[in-house]
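Student: I am new to this structure and want to know how its labels are justified. Can we go through some of them?

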Amino acid sequence: MDQNLLTIGAFAARSRLSPKALRLYDRLGLLAPAYVDEVSGYRYYRADQAERARTVALLRQLDMPLARIAEVVAAEGSSAAALLTAYWADAEARFASQRTLAEFLRGRLSGRSSEMYGKFVVETVEVPEVVVLTETRHTLAAELPAWIPASLGRLEEGARACGGVSAAPFVVYHSEVSQESDGPAESCVPVADGAAARAWADGPGRARETRVRVEPARRLAYTRITKAQVAHPQILAAFEAVEAWVAEQGLTLDGPCREVYFTDWDSAGPEDAVCDVAFPVR
């Protein structure tokens, strides 16, 4: 055995961690001893392992999953920093969504939903008739975060063969979508060339049962929400706020509700506006 190795007690003191923590890191595969005595089972460490031990401890304080910690400490230099940056961006988005959810639940539990609606600014807008490529699917709320971008991505690809996307993509909920109810929901991408859209739907789009229809001109009552607010169930507060405003204004709902996505989702931060929650009204 190398005489320069440190006992677990000496290494614990150098790394400012407890022997219990070091045994845990070994068991989790995050920091293996340099040498384990086969007879006594004693663990020994190299002095240069102290930095890795401290890094693991700090990453655990960020609530980073063990598998992600293993990736970070196995990487080097800028690669390790990039992995940490990506993790923290995901964490900030999750915290923003959870904060919005907590506000939604606080209003629900306190019986002050009407006060919560006051946080949303509701306006109306006239939208013209458009031809849209569409995909329709029965889906539960938990499946929406995967299905919406995937379906809109496919339709936008088709739109590029049909003169391009002519207006903001949107998703129509023809019936309730929740943890128990599966809609259906319809992804829609407006296109510039209706004839080309029909040809594309009959060709490459047939595998996904892509359809073409005319979305009539409408008056929409809408409120603009952030990326963090899009998550279910907190987005329900935005829908309810628009419904309450419509009733207060003496208007009548004139079609199914929808989400209109007017900016690039991937490049948006948690607090950036990304979506209009809207109802057709008359």
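Student: What makes strand 10 and strand 11 a pair?
Tutor: In this predicted model, four bridges join strand 10 (residues 258–261) to strand 11 (residues 273–281). Pairing needs at least two bridges, so the two strands count as paired. They run antiparallel. Within strand 11, aspartate 276 is the bridge partner of valine 260.

Student: Which sheet holds these strands, and why are strand 4 and strand 8 at its edges?
Tutor: The sheet is open, has eight strands with antiparallel pairing, and follows the order 4-9-11-10-6-7-5-8. Strand 4 (122–127) and strand 8 (211–215) each have a single partner strand, so one side of each lacks a neighbour in the sheet. On average, neighbouring strands are turned by 35° against each other, direction ignored.

Student: What packs on the sheet?
Tutor: Helix 8 (residues 194–202) does, touching strand 5 (130–137), strand 7 (185–191) and strand 8. The direction of helix 8 makes about 150° with that of strand 8.

Student: Why is threonine 226 called buried?
Tutor: Its relative accessibility is 15%. Buried means under 20%, so threonine 226 qualifies. This residue is found in strand 9 (residues 218–226) and touches Pro270, Glu271, Asp272, Ala273 and Val274, leaving out residues up to four places away in sequence.

Student: And why is arginine 154, in helix 7 (residues 144–160), called partly exposed?
Tutor: Arginine 154 has a relative accessible area of 22%. That value is not under 20% and not over 50%, so the label is partly exposed. Beyond its neighbours within four places in sequence, arginine 154 is in contact with Glu135, Trp147, Trp200 and Arg208.

Methods
Residues numbered from 1 in each chain as written. Predicted model: local features only at pLDDT ≥ 70, side-chain atom pairs only at ≥ 80, totals over all residues. Heavy atoms only, no water. Axes fitted to C-alpha atoms, helices over the stretch in contact; angles between N-to-C directions. Contact = heavy atoms within 4.5 Å. Buried < 20%, exposed > 50% of the residue type's maximum accessible area, 1.4 Å probe, protein only.
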